[in-house]
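The exercises below ask you to read local environments and empty spaces from a set of coordinates. Try each task before turning to its solution.

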Amino acid sequence: MTAARSDATVVGLDVGTSAVKGLALDPEGGIVAAAEAAYPLSTPRPNWAEQDPEDWWRATEAVLGRLRAAAGTPAGIGLAGQMHGLVALDSSGQVLRPAILWNDQRTAAECAEIESTIGLEQLIALTGNRALPGFTAPKLLWMRRHEPEVFGRIARIALPKDYVRMRLCGEHATDVADASGTLLLDVAARRWSEEMLEALALDGAWLPPALESPQASGVTAEGVPVAAGAGDQAAGALGVGVERAFEGGAVSVVLGTSGVVFAALARFAADAQARVHAFCHAVPGTWHAMGVMLSAAGSLRWLQGILGADYDTLTAEAARWPPTAEGLLFLPYLAGERTPHADPDARGAFTGLGLRHDRGALVRAVMEGVAFGLRDSLDLVGELGVNPGLGRVSGGGAHSAEWLRILASVLELPLQRVAVEDAAAFGAALLGGVAAGVWADVPAAVAATVRPGELIEPVPEWIEPYRDARESFRALYPALRACR
């Protein structure tokens, strides 16, 4: 199927942790309009992270209004968003409490309870993942234990982007890619897991239908179809052209606040220890493996805030140092870690400091430490049979050419930028276009719109020093953990 009309536009919305970002695209992938509306994050107690779902909806209305003013009524809308967040709703659809977000760390006890009740091996067999504090199911158990009166009023639950869907088109629905991060989905079978619901004594009636990402989930008051959509990482992978698995293909490498290595899989495969996530992909009948580190570009932002200089100055100073800056290493676990260490209490460290080290050396060590962390994810994805020939890189850290040279040399993989920055919103727009009939399917949408850009090759003389340093980096976590 070709474009429904030559002037058709499609809209993608990414309901993120700090803002809703929206793009309007033409059928060739050109950005007709872009808009963004921010909102606050609440941290009322240590390790808590919450938001008011009404803020998401107000921001969505503002973004859609600007996009429509610039590009007209779209042919279709797609949704992406932060994963794992819990929105609890009563029988009238009212929000019962602030949403508990993906980066909330309050549920360590509930995660231990889940793994003890089900058994880690069985849990991985059922869901492809282990219980992590950010996931949705542990949040429900936390509510049952700590807020029983509110828990008793739950009639429905929703993920963040799916709450926006309810307000946008009145439908209670989700997609299998986003639902994979709830710990309630049978990821291999792409359906809700009756076994998990029974084991955790949770009501399956709370859950929405789990659709494939490009399916239409409903229509707006204007009659615009709204695609089921995807979690931000699956949508973002579409936005950089990682929609299918093949030998020597591309993986998505995200150098954002968090860091991600994302590989499409032709069939379901889970790491035996669940050190990487195994989720459904946004392409029907496919899956993905994903390693996640919690402080990637966020580590550099933390250091820049302390040093008080601009990024260009700091990066230039970092470039004056050779690889590993005379033995200086940085462990980037500032907010705990997921891959390869599922440890919310992990913490960062500089080691090997000497009198010669200046702020440029510290910056280079941070860039290298993040790169080593992403290499951990790449190696684990490789154990599932992924053999990439290229990394498609996105996120704020991808603006730094020096950081990309470091990252390419550590990963030993060429990296390629893409033309679009808001990859999740871009991917969501592609799903909206498929739901509207603008493109026949997701691969056709990607082929028509994704425009790869500059290629950054590994620096040959850096590869061997980074191989040696990587072994020292990997020894740091167990050594420091023993000191806790």
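**Exercise 1.** Locate T174 among the secondary-structure elements, and decide whether its place is buried or exposed.

*Solution.* Begin with the element: T174 lies in strand β9, which covers residues 174-175, where helices (H or I, at least four residues) and strands (E, at least two) are DSSP runs numbered from the N terminus. Next take the relative accessible area, which is 1%, so T174 is buried; the classes are buried under 20%, exposed over 50% and partly exposed in between, with a 1.4 Å probe and protein chains only. Then turn to the side chain of T174, which makes a polar contact with the side chain of D162 at 2.6 Å. A polar contact is a pair of N or O atoms within 3.5 Å; within protein, one must be able to donate a hydrogen and the other to accept it, and residues adjacent in sequence count only if both atoms are side-chain atoms. Finally, leaving out residues up to four places away in sequence, the contacts of T174 (heavy atoms within 4.5 Å) include L159, D162, W192 and P208.

The model is predicted, so local features need pLDDT of at least 70 and side-chain atom pairs count only at pLDDT 80 or more, whereas totals for chains, interfaces and linings use all residues. Residues are numbered from 1 along each chain as its sequence is written, and side-chain values use heavy atoms, with hydrogens and water left out.

**Exercise 2.** Find which residues line the largest cavity, and classify them.

*Solution.* The search of the whole structure gives one cavity of 30 Å³ or more, and the volume of the largest cavity is about 80 Å³. On a 1 Å grid over the protein atoms alone, a cavity is a set of points where a 1.4 Å probe fits but cannot get out, and lining residues have an atom within 4 Å of a point; grid points are joined across faces, edges and corners, and a volume is the space filled by probe spheres set on the points. The lining consists of T136, I157, A158, L159, D162, T174, T182, W192, L207 and P208. By class, it has six nonpolar, three polar and one charged residues, with Ala, Val, Leu, Ile, Met, Phe, Trp, Tyr, Cys and Pro counted as nonpolar, Asp, Glu, Lys and Arg as charged, and the others, Gly among them, as polar.

**Exercise 3.** Establish how many residues of helix α6 are buried.

*Solution.* Helix α6 spans residues 160-169, and nine of its 10 residues are buried. Among them are K161, D162 and R165. Just after α6, G170 takes a positive phi of about 75 degrees.

**Exercise 4.** Describe the surroundings of R417, starting from its strand.

*Solution.* R417 is placed in strand β23, residues 415-418, and counts as buried because its relative accessibility is 18%. Its C-alpha is 5.3 Å from that of V393, although the two are 24 residues apart in sequence. The side chain of R417 also reaches the backbone oxygen of A398 at 2.9 Å.

**Exercise 5.** State how far the confidence values support a detailed reading.

*Solution.* The mean pLDDT (the predictor's confidence in each residue, from 0 to 100) is 95 for the protein chain, and 99% of its residues reach 70 or more. Over residues 1-5, however, the pLDDT is below 50, and this stretch has 13 contacts in the model beyond near neighbours in sequence. Where pLDDT is low, the predicted coordinates should not be read in detail.

Definitions and conventions
1 Å grid on protein atoms, 1.4 Å probe; cavity = no way out; pocket = protein on both sides within 12 Å on 5 of 7 lines; lining within 4 Å.
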